[in-house]
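Here is a set of short exercises to work through with the model open beside you. Try each task by yourself before you read its solution.

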Amino acid sequence: MAAALQVNHVGLAISQPIIPSKKNLRRFARKDNKETSISLRTKAKMSTEGDLLVKESPTSVDANEDIGVVGVHHVGLLCENLERSLDFYKNVLGLEINEARPHDKLPYRGAWLWVGSEMIHLMELTNPDPLTGRPEHGGRDRHACIAIRDVSKLKLVLDKAGIPYTLSRSGRPAIFTRDPDANALEFTQVDG
C-alpha cells in the first residue's frame with residue numbers, strides 16, 4: 001500500500017514592526033513592576049487553506065539596560081564594480097580609504113572609506129538591488145546619511161560631475177543622490 005503525500009501550503013506575511021524613536025518613545029514606555037520597558041509588537045498573518053490567522057508577537061526591550069551604543073561604526077554598500085565606485089567616493093566625494101581595515105581577508109573585493117570617524121564598507125558583489133524602478137528621491141529608499149558642513153558646496157560638486165540629485169522635501173539643507181550602483185545617499189548639513 002503506497003502512502004499518500006499531502007502538502008499543505010502556508011503563506012506568511014509580516015507587517016512592519018513599530019520602532020519607537022526618541023521623539024515618540026514615551027508613548028511606547030510603560031511601567032511594569034517599577035521597571036520601564038518598551039514593548040514592540042509585530043503582527044504576523046498566516047494563511048492556511050484559505051483561513052486567516054492574525055497573531056501578535058511581543059518583543060520587549062528593557063529601557064534601563066545600557067548595551068553601550070555609541071554610534072554607527074560603518075555602513076555596508078554593495079557595488080558591482082569596485083573601481084567605478086571608488087572613483088565616485090574618492091574623486092567626487094573626496095573620501096579616503098582606510099588602509100588599516102582588512103579587505104584581503106574577505107572572500108570578495110571591497111574597500112573601507114573614512115566618513116569622519118565612521119566608515120563606508122564597499123563590497124563588490126553581484127548587486128541584488130535593481131538599478132531601475134527605485135524612487136527618484138533617495139529619501140524614500142534605503143539610504144545612508146552623511147553629515148557635511150555645506151550643502152551648497154556639494155551641490156556645485158555634483159553639478160560639475162553631472163550627477164543628478166534631489167533636495168530635501170522638508171526644506172532643510174540636505175541633498176539626496178545615488179552612487180553608481182543606485183545606493184541612495186543623503187548628505188545633511190550640520191553645524192560644526
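**Exercise 1: the two sides of a helix**

Which residues are exposed on the other side of H2, away from its buried residues?

*Before you start.* The model is a predicted one, in which local features need pLDDT of at least 70 and side-chain atom pairs count only at pLDDT 80 or more, while totals for chains, interfaces and linings use all residues. Residues are numbered from 1 along each chain as its sequence is written, and side-chain values use heavy atoms, with hydrogens and water left out.

*Step 1.* Find the helix: H2 covers residues 151–161. Helices (H or I, at least four residues) and strands (E, at least two) are DSSP runs, numbered from the N terminus.

*Step 2.* Sort by accessibility, where buried means under 20% relative accessible area, exposed over 50%, and partly exposed in between (1.4 Å probe, protein chains only). Val151, Leu154 and Leu158 come out as buried. Seen down the axis of H2, these residues fall within an arc of 60°, so they line one face of the helix; the arc is that of the directions from the helix axis to the C-beta atoms.

*Step 3.* Now turn to the other side, where Lys153, Leu156 and Lys160 are exposed.

*Step 4.* Look at what the buried residues pack against: H1, E9 (143–148), E10 (165–167), E11 (174–178) and E12. Contact here means heavy atoms within 4.5 Å. Just after the helix, Gly162 has a positive phi of about 70°.

**Exercise 2: strand E12 and its partners**

Work out how E12 is paired, and how far it is enclosed.

*Step 1.* Apply the pairing rule: two strands pair if DSSP finds at least two bridges between them. Strands of a sheet pair through backbone hydrogen bonds, either parallel or antiparallel.

*Step 2.* E9 and E12 run parallel and are joined by six bridges; Ala147 has Thr188 of E12 as its bridge partner.

*Step 3.* E11 pairs with E12 in the antiparallel sense, over five bridges, and Thr177 is bridged to Leu185 of E12. These two strands form a hairpin with five residues between them, and Ala182 in the turn has a positive phi of about 70°.

*Step 4.* Check burial: five of the six residues of E12 are buried, so the strand is largely enclosed by the rest of the structure.

**Exercise 3: a buried glutamate**

Which side chains make polar contacts with the side chain of Glu186?

*Step 1.* Place the residue: Glu186 is in E12, residues 184–189. Its relative accessibility is 6%, so Glu186 counts as buried.

*Step 2.* Use the rule for a polar contact: a pair of N or O atoms within 3.5 Å; within protein, one must be able to donate a hydrogen and the other to accept it, and residues adjacent in sequence count only if both atoms are side-chain atoms.

*Step 3.* The side chain of Glu186 makes such a contact with the side chain of His143 at 3.1 Å, and another with the side chain of Arg172 at 2.7 Å.

*Step 4.* Beyond four places in sequence, the residues Glu186 touches also include Ala144, Cys145, Ile146 and Phe176.

**Exercise 4: the four-stranded sheet**

Put the strands of the open sheet in order, and find its edges.

*Step 1.* The order is E5-E8-E7-E6, with mixed pairing.

*Step 2.* E5 (74–79) and E6 (96–97) stand at the edges with a single partner strand each, so one side of each is left without a neighbour in the sheet.

*Step 3.* E5 runs parallel to E8 (residues 118–124), and six bridges join them; one pair is Leu78 with Met123 of E8.

**Exercise 5: two arginines in loops**

Find the side-chain partners of Arg109 and Arg142.

*Step 1.* Arg109 lies in the loop between E6 and E7 and is partly exposed, with a relative accessible area of 40%. Its side chain makes a polar contact of 2.3 Å with the side chain of Glu83.

*Step 2.* Arg142 sits in the loop between E8 and E9 and is exposed, at 54% relative accessible area. Its side chain is joined to that of Asp129 by a polar contact of 2.8 Å.
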